[in-house]
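Biologist: Got a minute to go through this one with me? Let's start with how the chains meet.

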Amino acid sequence: MVIWTLAFGCCTIPIVGWVSDRLGLRYVREWYSSLVIALAFIPYILLIRLVARVGVVVYPIPSLFHSILTVDMVSVFFILPILIVGFASSIYSTSYMSHDTGLNSYYTLLSAMILGMIGVVSAGDFFTFFLFWEVMSISSYALVAFRKDRWEPVEAGFKYLVMSSAGSALMLSGIAIVYGIAGTLNFAGIALAMRTPVLASDPWLILAISLIIVGLGIKAAIAPMHTWLPDAHPAAPSPISSLLSGVMIKTGVYGLLRFYILFQTLHAYWSLILSILAFLTMFIGNLTAMFQTDIKRLLAYSSIAQIGYITFALSIGTIQSISAALLHVFNHAMMKGLLFMAAGAFYHATGSRDISVLEGVGRRMKLTGVILSIGLLAIAGMPGLNGFVSELLIVSAAIQQELYLQAALTIINFVISVAYYLRLLQRIMLKEPRSDLSRVEEAPATMIAGMVILASLCVFVGVYPSMFISISELAGRVALDIGSYITSILGG
Amino acid sequence: MSLPILIQAVLTPIVLAPIVYLAGRRLSHHVGWLAFAILIHSTAMILMVAGSEYLEVYSWVPRMGWDIGFKLDGLSLPFALNIAVLSTVIAVYSIPYMEHRIGDRPGEYGSYYALYLLYAAGMLGAVLATDLVEFYIFYELMLIPSYLLIARWGYGERERIAFMYFLWTHIGALALLASIVAVYWVTGATSIEVVKTILRNTRIPFQLEAGMATAMLVGFLVKMAVLGLHVWLPHAHAEAPTPISALLSPAMIGIGGYGVIRIALSFFPRFFTAYSLPIALWAFLTMLYGGLMALSQDDIKRLLAYSSISQMGYLLFGISSVNMLGVSGSILHYLSHGLGKGILFMIAGILIMQTELRSISRMGGLASKMPLTALSTLIGFLTLIGLPTTSGFISEWMIFGGVIRSSLASGSMDKLIVAILGLLATMLTAGYGLWTVRRVFFGSIPKHLEEVREGSVIALTPIIALAILTFVIGVYPAPILDRLTQTVMLSLNLG
Amino acid sequence: MMEAWLCWLTPICGALLTPILARLGHKVRDYGAVVFSLLAALFASRLIPIAVEGKIIWERYGWMPIPGAPVYVGVLVDPLSVIMANVVSWISFLIMLYSLEYMHGEPGLTRYWFLMNFFIGNMLLLVLSDNLLQMFFGWEGVGLCSYGLIGFWYRDDRKYWVGTPPDEYPPSHSGMKAFITTRMGDVGMLVAMLAIYSYSGTFSIPELQSNTMWASTLMESGLLTPILLLMLLGPIGKSAQFPLHEWLPEAMAGPTSVSALIHAATMVKAGVYLVARIAIIAASLTHIIGFESFHTFFIVVAWIGGFTAFLAATQAMVARELKKVLAYSTISQIGYMMLALGAAGITANFVEGLTAGIFHLVSHAVFKASLFLASGAVLHVCETKYMDEMGGLRKYMPVTFTSMLIAALSLSGVPPLLGFWSKEAVLKVCFETGDVALFVLSAATAAITFFYSLRMISITFLYPKSKHLEELEAEGLHIHEVSPIMWIPYCLLAFSTLILGVLGRLVEEFFHESLSHIIAAGHLEAVVESHGVGFDPSIASLLASVSALVIGGLPGYWFYVARRGDPYSIVEGSVILKAVWRFLWNRWYINRLYYILFVNIPISLAKIMNRWIEVGFFNGLQYGVSLITLRLAILVDRFMEVGFFNNLQYGVAELIARICRSSRYLQTGSLNINMYQVSIILIIILLILLVSMGVL
């Protein structure tokens, strides 16, 4: 079981770290935590095989309010990027964080955050969901504010903490209302209950849904609830930014998707809200990103825009669109993880995140520069790289539903976004480097290794998307097939 | 499944690009020969199967019905041949040119040639593709390296111009993409052949067809830079490093024309027949406009860039006839324009290398200093002018023959008049072409050019190779025409 | 029919070999080039029996496999093409021989020999080809060579400029002008060819003669005449007929041997040849669609010919440069040929008209080549292009003088020289059309011709020695006769115009006989209709020629030979004459008009468009659009992100802070405002849901 591996990691990392510190062994803690995350792939693969065989795997968590973990294709699909980006950033952190102190807690928090995210996407009831949600959130606050000797991370972390916990609180109240209506916290149970028209048209439900959307929306950074993100993501250490932007905000998306399915009868309204929010998010993300001077802040706004695309795809609500959204979740995790790491590498080397300072740095750090270019081109939707595939699928899903206006708006957004990605690429890669960058050296091997993992996946998915499209389509089909979901959890 | 030959032609440059990059550090400018060898291999692969129709299909994303296929038939042959030959000879030409441009920064040769290979492979892939998605991917793949090449080694405000180039063509590509997606949802297929059959056998509403066709047409015409969608071209072509200009203009923009013929025209013949006259008119205006603009330029590369716009007008003109003669003529014109403009851009490069000048008004009398260059320039322009015995004539008479035939067949006097006007516009080509030759090479030599010498042998050899090719095709076009006309007739169901 | 193929292939191969021969040495290159042209001439003469027997041989091979309408490469050997081929190849050979000496020591001779041989090959290809497309290859090939040779002295040294200031043009400009002007005609020709091809599916001349469908279809749609007229544009350009005649005077910027070969003897005849071909096709179609269908076309041909003849002749009267006189005269004489061919169609007496046209073509080729070569010799010696800087050359260059005199008299149509017979034949068919105006015009032209011939000969040879020559002698230059290798060719030509002139009638008979075979092959029952006005055409034409000689000769003799009056002072003295002189001197202002219309206006238009449309509109548009997008982004950034959201944050914060300052319940700072934002969106979502669900 994936979670147990990580939980084991959480518990042992401090011990290993303490011991190795005592013995004066360097990098043992770092390698150990990477190893733990790597090890989690083994149960993960077993899990996939199991899911592929039985459809939904249910793990009861003993003695906790009948809590269960249910893992279906959707969860499996979400776990994959979490593990990959988690692993990559763990490796990356080895060099990136090497000058920091308090690394024991850093790696512990890192694996706790990964644990939390995996828990969120495999929760089978609201209680478990909320539990892991908080694990994830709390560890991420701490990580954002990890470099607490400077003001910026602390402020950003604080802001993030407040907003996110407010979100949690709102969601909790929503959950409470749902519990009140449906009488159960179990997802399948709720879904079953929602099939009864009386319950489904309960006015309280509307309040509950609004609360849940806002709660999840804050985490997913849907505009106008995105205001924490542009502060928090740049302020966090880069591997954490990768995780935050790459996967953590996607747990909000996962929540939206899961609950969207649960409240079947409310699809139309839910779609309406989501699509309005989606376009608001896209436009604000893209237009604001255009003029950022801070490379990580630019990437942060770009994440907001990408969330907009995903939300839009969710709002369409067909198998094609859901699978497109899922694929884009995966692709964006790879791309954005990669981009933040590359930006981090530049920051690490030059001590600056200001693009005007970083001009031409790609020509001093060729490898990182090339990797950054891959990421930028991928996210700009260049064919042959992964971003193109999922963006194409999103647009085509929209066209299939005859949402021409929306499709056109999305395409316009793609074009706008290309502008700033390309400008960034140009400034980083093509300008003559400033003289004070003359002594900048290539990033250390472990950082490169972390980026190469993600970059190669970007290329692989772009060139050979077949496998991922199949899986995401399967996941999309499973996601919408609420009947079998209920059956396999509740039986008969 | 056939032998993996065409896939080699396309993928070898892509796969070997990183190696070229790495080798560049050690070999400095000699790495150009490595790129040359790789492209020779690709050309040889294409020539190996050029004898008959050849098709390779590899499964790619079976779930979505996407395949990767490579097809060499009479229609793609002239394109593939042109791209392969041009990129091969220009690889050689780049060696002295980039030495001049880059100078003693040996690290950059590797990146230049790696990007160059990717660019060539992208173009080759696009014309050999059998699947819409695959086509689109290659269509965009040629964009990125060319963008980087311009932005890195161009002239003037190269970064802004590269950016503009990218955005324009990318927006065009997105229109194309929208149309591809729509076609996919109408037919449920992405294979060009399958889609064509389905579209031919189902009656879809004309409105829908017109919408899809227009989006597609706009997508391709941005690449072709016809009037109104041409803004990016003069800048990009003028400021790109010259070898790249010599690929952009003769090889790349014509791929828009290939797209129109292979995809748009074969999918939506009804649309093209219905809108034949407006398209012809648009093409004519493009010819006229490009020609007039070329007439007023002083920068030699800019002049050539506008001339390309004008020549793309010819291509579109031939397509607007929607018959075998005109469409075949267009395809052949791609080839002859490629040869002619390839020569001319390389000449422009030689002039830049030898005189450090781009302004025509500051040149003059160079024929005595650089006789071979002068002769090649003349040949290049004569190809564009369409003088018999150059390939330009064969293509031009076919284009205009096609348009005249279609106008006579439809009894449309307007179109006949447009055809005659179009032929009159060729006068402009003669005008700016010969005038340029005269201003650059004839007359007396200004003082500051008295020390100028003939270009290097390595730079001139590719030019002469192309010049010979244009005569060979001009005198004996049968090997290409034979298969071209057959394919055009069969594949487009055109008379 | 190997000879026919070899006839045009040999010079082309010779041309291609020139650069290689040049490696072996100058002598090898020069003599090699001449040998190749001799070979072509020999091959051409091997074809003569065919013309004598009146046979037609047609051979072809596949070339462009266009489905349904393939294009072939072939030769058509019939009396017309054989006559043309022989004229072209033999005169070319003589001129090549002449060039050996004339061009000796010039730089760039490899280019010269290449272009000359290439020209000969293309010209022979043109006359021997069996289809229009292939003919067009030769057609453009000779145009290209002409371009290259006119601009041979591309460095534009002052001494090679042509014209008198301010209308003076450098060679490279003149070459370009020639190419572009003729190209304008070729465009029309191409349209016509392609239209005919669209209807008939073939370019082949014999097939166009035998297959009549295309002509009837074209006639029914009323397109026959327009298309034929478009076709005519090609010959008009190439043969320098009005309105595309303005390039030829400037073509004199090339070496004189080139002027002789290309701009007098051969290339400019290509148009005549093509019109003759059209006439033959028309002749073979008349029994299907009636000769009236071609009436308009032939009237246009005749009038263009007649008018051009007159136009150019008048300009020759005032020209100052020796070569220009000859150039105008060439235009004028070609007009005669066109006139004859046009008359052939008008009267439907094709054989006679064709004979007259071709006869005059041959005779003109002989005497004009001779004239040009001789004038080349004169220029060579005198180092000036102006006639008034020569004078008195009779004493120094007796051979040249005699030869030039004979040729000039032949040009003027003085019996019994060849020119007399051919001109008389032309006047005769012209008379048969019954068009009095045309006849008078052509007779007047004949008179003018004699006048300017006399003027030219006497100013050059009989006037007293000019200052320029005296200066030359003072510089130690010896004015003398040129070497035999130069004078043999033109004396030979002058001699043949004399000999053939004596045999004039027989020559005409021969042409008549052999050309009638072609028309017969086209199944024509000759439709001879007399348009005569009760006058025997032979007598009328004889009368006209003789009186023209008298009318033109007397003043010419009076002013120039006998020098009884000073033409300059007479012109100066009279306002009208001076106006006329200026009108003629300025080439009827046509040249100037063309420069304004086709050079100045397009270039300024292009510049204006570049400024306003390209830079102003398109670039402006693009800048505008990108500017708007950027502004929009900035606006969004400022108003939405900073302005709205942040202001919302700060503004609301301020507001709330103001309200609640006393209570201090809320901390200031953006975070809580973010929270307000969250709450607002919560409420909005709630409202939307409620409204859309119909609860509210």
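Modeller: Sure. Chain B gives 41 residues to its contact with chain C, and chain C gives 42 residues. Keep in mind that this is a predicted model.

Biologist: Which elements give two or more residues to the side of chain B that touches chain C?

Modeller: On chain B they are α13 (276–295), α15 (324–355), α17 (391–410), α18 (413–441) and α20 (478–492). The largest share is from α18(B), with 11 residues.

Biologist: And how do the residues on that side divide into nonpolar, polar and charged?

Modeller: That side of chain B has 27 nonpolar, 11 polar and 3 charged residues.

Biologist: OK, now chain A. How many residues of chain B are in contact with it?

Modeller: 25 residues of chain B, against 23 residues of chain A. On chain B, β1 (54–61), α5 (132–141), α6 (143–153) and α7 (158–187) each give two or more. Here α7(B) has the largest share, 13 residues. The side of chain B that touches chain A splits into 20 nonpolar, 1 polar and 4 charged.

Biologist: Switching to chain C. How do β1 and β2 pair there?

Modeller: Antiparallel, over 7 bridges, with β1(C) covering residues 57–64. One bridge joins Tyr61(C) to Val73(C) in β2(C).

Biologist: What's in the turn of that hairpin?

Modeller: There are 6 residues between β1(C) and β2(C). Gly68(C) sits in the turn, with a positive phi of about 85°.

Biologist: Why call β2(C) largely enclosed?

Modeller: Because 6 of the 7 residues in β2(C), residues 71–77, are buried. The rest of the structure encloses most of that strand.

Terms used: Residues are numbered from 1 along each chain as its sequence is written. Chains are lettered from A and ligands numbered from 1 in the order in which they are written. This is a predicted model: local features need pLDDT of at least 70, side-chain atom pairs count only at pLDDT 80 or more; totals for chains, interfaces and linings use all residues. Two residues are in contact if their C-beta atoms, placed from the backbone, lie within 7 Å. Helices (H or I, at least four residues) and strands (E, at least two) are DSSP runs, numbered from the N terminus. Ala, Val, Leu, Ile, Met, Phe, Trp, Tyr, Cys and Pro count as nonpolar, Asp, Glu, Lys and Arg as charged, and the others, Gly among them, as polar. A residue is buried if 20 or more other C-beta atoms lie within 10 Å of its own, exposed if 12 or fewer, and partly exposed in between; C-beta atoms are placed from the backbone. Two strands pair if DSSP finds at least two bridges between them.
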